[in-house]
Structure formats: C-alpha cells, structure tokens
There are 2 protein chains.
Amino acid sequence: MARMIAERADALPGLAEVFREYGYAGASLSLIGTATGLGRGSLYHFFPGGKQEMAAAVLADVAAWFDASVFTPLEQADDPRAGIDAMMVEVDRYFRSGQRACLIGAWGLGATRDPFAEPIAGYFRRWIAALQTLLVRGGVAEDHAATLAQDVVSGIQGAVVLSRALNDPSLFRATLGRLTARLYTALAAA
Amino acid sequence: MARMIAERADALPGLAEVFREYGYAGASLSLIGTATGLGRGSLYHFFPGGKQEMAAAVLADVAAWFDASVFTPLEQADDPRAGIDAMMVEVDRYFRSGQRACLIGAWGLGATRDPFAEPIAGYFRRWIAALQTLLVRGGVAEDHAATLAQDVVSGIQGAVVLSRALNDPSLFRATLGRLTARLYTALAAA
DNA sequence: CTTGCCGTGTACCAATCGGTAAAGAGTTCT
DNA sequence: AGAACTCTTTACCGATTGGTACACGGCAAG
C-alpha cells in the first residue's frame with residue numbers, strides 16, 4: 001500500500017486552492033481529493049468534521065499566514081514607508097497581481113459567510129487595525145488613519161474583483177501604486 | 001391544477017437572489033424552485049438550456065438593469081455632479097448599502113467566471129467607460145478620468161466586500177461619500 | 001516478535017444532484 | 001366545438017454528493 005505519511009498541514013494548500021477556485025459548495029470531495037492527493041479515508045482522518053472542518057482549517061491557515069507575513073510586520077515596521085512597501089509587495093505576490101481571488105473576501109459575499117462570519121470579520125478588522133496603527137505611529141491623526149486604512153483594505157479587495165473580472169494584472173498593480181501614494185501623502189502631511 | 005401563467009421574466013428576480021446568495025454551484029434546482037415558486041417543468045420550459053441558461057439570463061438581466069438605470073443616465077446627465085449623485089444613490093440602493101453582494105463581481109472571482117468571462121468583463125468595462133465619459137465631459141483630462149473611473153468602480157466593489165464581511169452598512173455609505181468627494185474635487189480642478 | 005496506533009484504500013450508504021419524459025390543465029385561436 | 005399552444009405537475013433517470021465502516025499495511029514501542 002502506498003504511504004506518504006502526510007500530515008494535516010500538507011493538505012491545506014491544495015484545500016485552499018480548491019475552495020478559492022470553486023467556492024465552498026462547488027468544492028466537491030472528489031475535487032478536494034484530486035487537489036490534495038488524499039483519499040477520502042485520509043481526509044476524514046485529518047478532518048473528522050468533514051468539509052466544514054476543512055473550510056475552517058483553510059480559513060485559519062490563510063488568516064495565520066497574513067498575520068505572520070503582513071499584519072505583524074506592518075505593526076512592527078521601523079519606518080512606516082518601508083512597512084507599507086513591504087505590505088504591498090506581499091499583497092501583490094499573494095494575490096498574484098489580482099489574478100488570484102481573496103478566499104476570505106469571496107466567502108464573505110455569499111451564504112458561506114454565515115458559519116464563518118466571525119473569522120472573516122476578524123481578518124479584515126485585524127488588517128485595518130494593523131495599518132491604522134502604522135499610520136498613527138507615522139503621525140497621522142487617529143480618525144484620518146482609520147478611514148484611510150479602511151479605504152486601502154477596501155481598495156485592495158476591489159482591485160482583486162475588478163482585475164480578475166477584466167483579466168488585467170496591470171490594473172491591480174497600478175491600483176496598489178495609487179493606494180501607496182495616498183498613504184505616502186498622508187504620512188508626508190503629518 | 002394551479003396555474004400562475006408565469007413568464008420567463010417573472011422568474012429572474014428569484015433566480016438572481018438564489019444565485020447571488022449561494023453562487024452558481026450552490027444554487028440547486030430545489031432552491032431555485034423554492035425561490036421562484038416554479039417547478040422543474042416550468043423552469044425547463046422557460047430555460048431549456050438548464051442552469052447555465054438561467055445563469056446567463058440573470059447575468060444579462062442585471063447588466064440590462066445597470067445599463068438602463070445607471071450607465072446610460074450617467075452618460076446623458078446634464079450636470080456631471082448630478083449624474084454622480086444619481087449613480088451613487090442607485091448604487092447604494094441596489095447593493096442595499098453593501099449588505100447585498102454584487103453577483104457579477106462575485107462570479108468573476110471563481111470558476112464560474114470561465115463560461116461568462118465576456119459578459120462579466122463587459123459589465124465592468126461599460127461602467128468604467130460611462131463614468132469616464134461623464135468626467136471628460138466635465139472637463140477632466142482623458143487619462144486622469146480613466147484612472148479615476150477605474151478607482152471608483154473598484155472602490156465600490158471593495159466596499160461591498162468589506163462592508164458585507166464586517167456587516168456594517170455605514171462603512172459602505174461612508175465609502176461612497178468619499179468616492180463622491182474625490183470625483184467632485186477632480187471636477188472642480190478641471 | 002508482538003501489540004497497537006496511524007494513515008490509507010475501498011466499498012458502500014442514503015440523499016440529492018441536474019436533467020428528461022410525458023400526460024394533463026388552462027387559454028386562445030379558428 | 002375542436003385544434004393548437006402554453007404552462008405545470010409528477011414520476012423518473014443515472015450520476016454524484018457528503019459521509020461512514022472497516023480492513024489492510026507500515027511503523028514504533030514494549
């Protein structure tokens with residue numbers, strides 16, 4: 001019998017890919033099996049809670065990645081401008097210049113939101129808060145920083161939607177550039 | 001036998017609701033039947049092409065509504081500012097202050113895009129073009145109008161995602177207000 | 001060597017999936 | 001009245017769905 005001694009974490013990337021592409025309802029166990037290279041047996045061994053537990057694990061994994069690779073560096077950046085640049089680089093890479101959908105944003109739009117409302121909202125709240133923290137530390141007024149951070153996170157989500165719909169990666173990058181410029185001018189004015 | 005003498009158009013609102021909420025894959029024929037009040041027989045009488053034809057019809061219906069209620073008025077507005085205000089009012093109402101997802105935007109994010117790539121892209125291109133036309137007519141330079149129009153459409157989509165994820169209608173309205181202000185200042189500078 | 005656990009493959013389950021077929025009811029013509 | 005057309009109901013189809021049961025193989029500890 002072929003054994004690969006897989007562990008739960010190995011399944012997460014493939015799992016995320018399928019969920020992102022086909023949505024929660026569209027991600028059948030056959031698709032999941034193909035994408036992860038795991039049979040039903042292994043899948044239910046790692047995720048006894050079934051599809052819902054797989055989805056929750058993916059959501060937590062994505063959130064953890066953003067926390068470690070984007071949010072925390074953002075809060076701890078020495079130079080606000082460098083922090084912003086680093087965030088934009090990571091965002092452009094993660095979303096493949098807008099050709100890769102935001103799993104969390106997409107799930108927030110439909111019925112899939114209901115079972116995961118709190119993790120989804122938490123992800124966005126955390127992102128906005130991290131960006132606001134950095135702006136305030138750069139001298140921007142609290143309330144201005146709040147709306148600006150909101151605009152930037154919202155702007156990134158919109159750019160994903162529009163760039164994917166129009167199949168135009170350059171649109172995504174250009175939007176990121178404009179959002180960066182807005183953050184820079186706010187910092188310069190402070 | 002109970003007869004309601006329905007016609008194809010009567011099914012579209014319910015159809016759109018189900019597709020918007022559950023996505024293409026998640027919208028089962030039972031859900032569709034419940035939402036439209038139509039049995040399988042009637043459904044396949046009006047849409048011989050099955051689910052795919054239903055989806056195409058919904059897409060066309062939404063696009064037609066936007067064309068008539070948003071895009072065309074935008075292009076034909078006497079006063080650019082009044083045109084912008086009217087658009088924002090319609091957008092806020094249509095998206096229920098961000099609590100209702102954008103069916104077209106959501107479908108563009110996943111695998112559902114493939115069969116409908118052209119209508120989806122066309123919808124966004126049309127929206128951007130209409131807004132750009134109005135700005136140019138208001139004296140804004142062609143290229144500045146293009147990026148601004150893109151930012152506004154993208155910003156609206158982002159606001160839908162974020163506002164729904166955070167379950168906060170006021171965030172949607174505030175974002176619309178800020179986008180309006182940006183359009184106003186561009187017009188004032190022209 | 002044996003015992004026991006972990007991971008895996010396979011067969012199987014009821015339920016639901018999207019879609020079809022055909023007969024019947026209601027309406028509108030001639 | 002009778003024909004023709006539109007719409008609806010119902011029963012049904014094979015395929016696939018998410019999920020379960022269980023036996024088998026590899027590995028590690030005793």
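Before I show the annotated parts, one definition: UniProt positions here are given in the numbering used for this model, feature names are shortened, and annotations may be inferred rather than shown by experiment. With that in mind, the UniProt record, an unreviewed entry, puts "domain: HTH tetR-type" on residues 16–58 of chain A. And keep in mind that what we have on screen is a predicted model.

So, what does that stretch look like? Residues 16–58 of chain A are 79% helix and 0% strand, and the C-alpha atoms at the two ends sit 6 Å apart. The same kind of unreviewed record has a second feature, "domain: Transcriptional regulator LmrA/YxaF-like C-terminal", at residues 82–173 of chain A. For residues 82–173 of chain A we get 80% helix and 0% strand, with the end C-alpha atoms 18 Å apart.

Okay, stepping back to chain A as a whole. How many helices and strands does chain A have? We count 9 helices and 0 strands, so to speak a run of α-α-α-α-α-α-α-α-α along the sequence. The C-alpha atoms of chain A fill a box of roughly 65 × 35 × 30 Å along the principal axes. Chain A has 190 residues, and 45% of them count as buried. If you take the contacts in chain A with a separation of 6 or more, 63% are between residues 24 or more positions apart.

Now some helix packing. When two helices pack, we describe them by the angle between their axes and the distance between the axes. In chain A, look at α8, residues 142–165, and α9, residues 169–189: their axes come within 9 Å and cross at roughly 175°. Anything over 145 degrees counts as roughly antiparallel, and therefore α8(A) and α9(A) are roughly antiparallel. Among the residues making that contact are Leu148(A), Val152(A) and Gly155(A) from α8(A), and Phe172(A), Leu176(A) and Leu179(A) from α9(A). By class, the contact of α8(A) with α9(A) has 11 nonpolar residues, 4 polar and no charged.

Over in chain B, I picked another pair, α5 and α9. Helix α5(B), residues 80–94, packs on α9(B) at about 165°, with the axes 11 Å apart. That pair is therefore roughly antiparallel as well, and the crossing of α5(B) and α9(B) is right-handed. On the α5(B) side you'll find, including others, Ile84(B), Met88(B) and Val91(B), and on the α9(B) side Leu176(B), Leu183(B) and Tyr184(B). The tally for α5(B) with α9(B) is 8 nonpolar, 1 polar and 3 charged.

Next, how do the two chains meet? Chain B puts in 34 residues and chain A puts in 34 residues. On the chain B side, the elements giving two or more residues are α1, α6, α7, α8 and α9 of chain B. Which element gives the largest share of that side? It's α8(B), with 13 residues. The chain B side divides into 17 nonpolar, 12 polar and 5 charged residues.

Last, two backbone oddities in chain B. Most residues other than glycine have a negative phi. Arg96(B) has a positive phi, near 50°, and sits in the loop between α5 and α6 of chain B. Asn167(B) also has a positive phi, about 55°, in the loop between α8 and α9 of chain B. Buried or exposed? Arg96(B) counts as partly exposed, because it has 14 C-beta neighbours inside 10 Å, and Asn167(B) is partly exposed with 14 other C-beta atoms within 10 Å.

Technical notes: Residues are numbered from 1 along each chain as its sequence is written. Chains are lettered from A and ligands numbered from 1 in the order in which they are written. This is a predicted model: local features need pLDDT of at least 70, side-chain atom pairs count only at pLDDT 80 or more; totals for chains, interfaces and linings use all residues. Two residues are in contact if their C-beta atoms, placed from the backbone, lie within 7 Å. Helices (H or I, at least four residues) and strands (E, at least two) are DSSP runs, numbered from the N terminus. Ala, Val, Leu, Ile, Met, Phe, Trp, Tyr, Cys and Pro count as nonpolar, Asp, Glu, Lys and Arg as charged, and the others, Gly among them, as polar. Axes are lines fitted to C-alpha atoms, for helices over the stretch in contact, and angles run from 0 to 180 degrees between N-to-C directions. Angles under 35 degrees count as roughly parallel, over 145 as roughly antiparallel, 65 to 115 as roughly perpendicular and the rest as oblique. A crossing is left-handed if the near helix is turned anticlockwise from the far one by less than a right angle, and right-handed if clockwise. A residue is buried if 20 or more other C-beta atoms lie within 10 Å of its own, exposed if 12 or fewer, and partly exposed in between; C-beta atoms are placed from the backbone.
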